[in-house]
Amino acid sequence: DADLEKKLYLVCFVFRIGTMRQDKKGPTCYRRAYGCGVYSLQSIFSSTDSSEPTDISMPILLVHSGSDVDFYKFHEHAIKIKSENRVVAACHLLHGDLDQLRINKPTLFPRGTGFAKRLGFADLIMPGEIRNDLFVTVGDGDFDKGGKKSAKNVEVAMKVVNNQGGDVQNCIWVGAGVQPVSEYRSYIMVHNSHPVWNENIRVSIPVNSFYDCHLRFTFRHCSTTGKEDKHLFFSFLKLKTRDETTLLDDRHELYVYRAQNKAMLNDPKRYLSLFSTSAESLFTMASGLGQESGLSRNDKERFSVSTLICSTKLTQNTALLSLLKWRDKKDSLKIVLNNVNQVNGDEIVRFLQDTFDALLEF
């Protein structure tokens, strides 16, 4: 109910898959920004009749040459614009528990219906609710021209890789109602040294292998002629922190490395010992710890992502982690219990079953 009182909008981003430029030949696999539309949902929420779907017509603001640089905030302009280009959709507001609605009104949920997971936890967490989702927002970057006159056409690719170098298959969702994929690829902006994507991705990794994985981002220049980029640039993000808790919900400034060959890129042992973020570098230097150098890095280049963990199994709280792993701290159980008293109640509720199991096993 609290969400319905907010100003909510339905946002539609339109992409085309094809050549880098519509008027030129070349590879047809590139993802390019095409248009964006916004529709206010207030009229639907305030309607007294929700028995039938409501048809909506959403104006689409098209991307013109050079304007894709601001595509990440196109929705702010699309709210105020009028356009003859439109997308038509039907919206049906349903009240009640989703599982019960699917039983009572099965015709409204045909096979293949997609269900979008909430970006975060609801105010009320139901007993037995299990989630293990990592939301990643591909943010922005700064990339060197590399001696060229024009800026690069940068494409970001993201994979989930285990620490032995194997790709975790079909664990990335680029949207609801689609099949999971093993690799995400961003859309491309032409000649942009400072691209901003702001795209959200959901990653679901099995709990028992989550800490044995990391996110690897590779960057390539996409030529309009289809010439392969020989340079191998990448960043990576570890999912486990130094205190063995889960990666914090935050914006992460990642270093951009250059690999000499694909063998080096595909071997995590060659780069996992390096700093992945600027924050990690500062922390380690402050602690007086050394760091092995290996791959080359340009200090002018950087890449940022934001993460949000929605999990009832993986905690970011050191006190709660100590309780859940109490067998490793049998000599300091009193300290463990005292620290748990300082944990926020909402955090306890998310791990309620595991917390009770640990307490009963004492």
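Helix 9 (residues 352-361; helices are DSSP runs of H or I of at least four residues, and strands are runs of E of at least two, numbered from the N terminus) has Asp354, Thr355 and Ala358 as its buried residues, where buried means under 20% relative accessible area, exposed over 50% and partly exposed in between, with a 1.4 Å probe and protein chains only. This is a predicted model, in which local features need pLDDT of at least 70 and side-chain atom pairs count only at pLDDT 80 or more, while totals for chains, interfaces and linings use all residues. Residues are numbered from 1 along each chain as its sequence is written, and side-chain values use heavy atoms, with hydrogens and water left out.

**Helix 9**
- Asp354, Thr355 and Ala358 are the buried residues of helix 9, and they lie on the same side of helix 9 because they cover an arc of only 100° around the axis, taken from the directions from the helix axis to the C-beta atoms.
- On the other side of helix 9, Gln353 and Leu360 are exposed, whereas the cover over the buried residues includes helix 6 (318-324) and helix 8 (345-350).

**Sheet**
- Nine strands form an open sheet in the order 7-9-5-13-12-11-10-6-8, with antiparallel pairing, where two strands pair if DSSP finds at least two bridges between them.
- Strand 10 (residues 213-221) pairs with strand 11 (residues 232-238) in the antiparallel sense over six bridges, and phenylalanine 217 has serine 235 as its bridge partner in strand 11.

**Nonpolar core**
- The largest nonpolar core (a set of buried Ala, Val, Leu, Ile, Met, Phe, Trp, Tyr and Cys residues joined through side-chain atoms within 4.5 Å) has 41 residues, of which Met158, Val160, Trp197, Leu215, Phe217, Phe219 and Phe303 touch the most other members.

Note on methods. Contact = heavy atoms within 4.5 Å.
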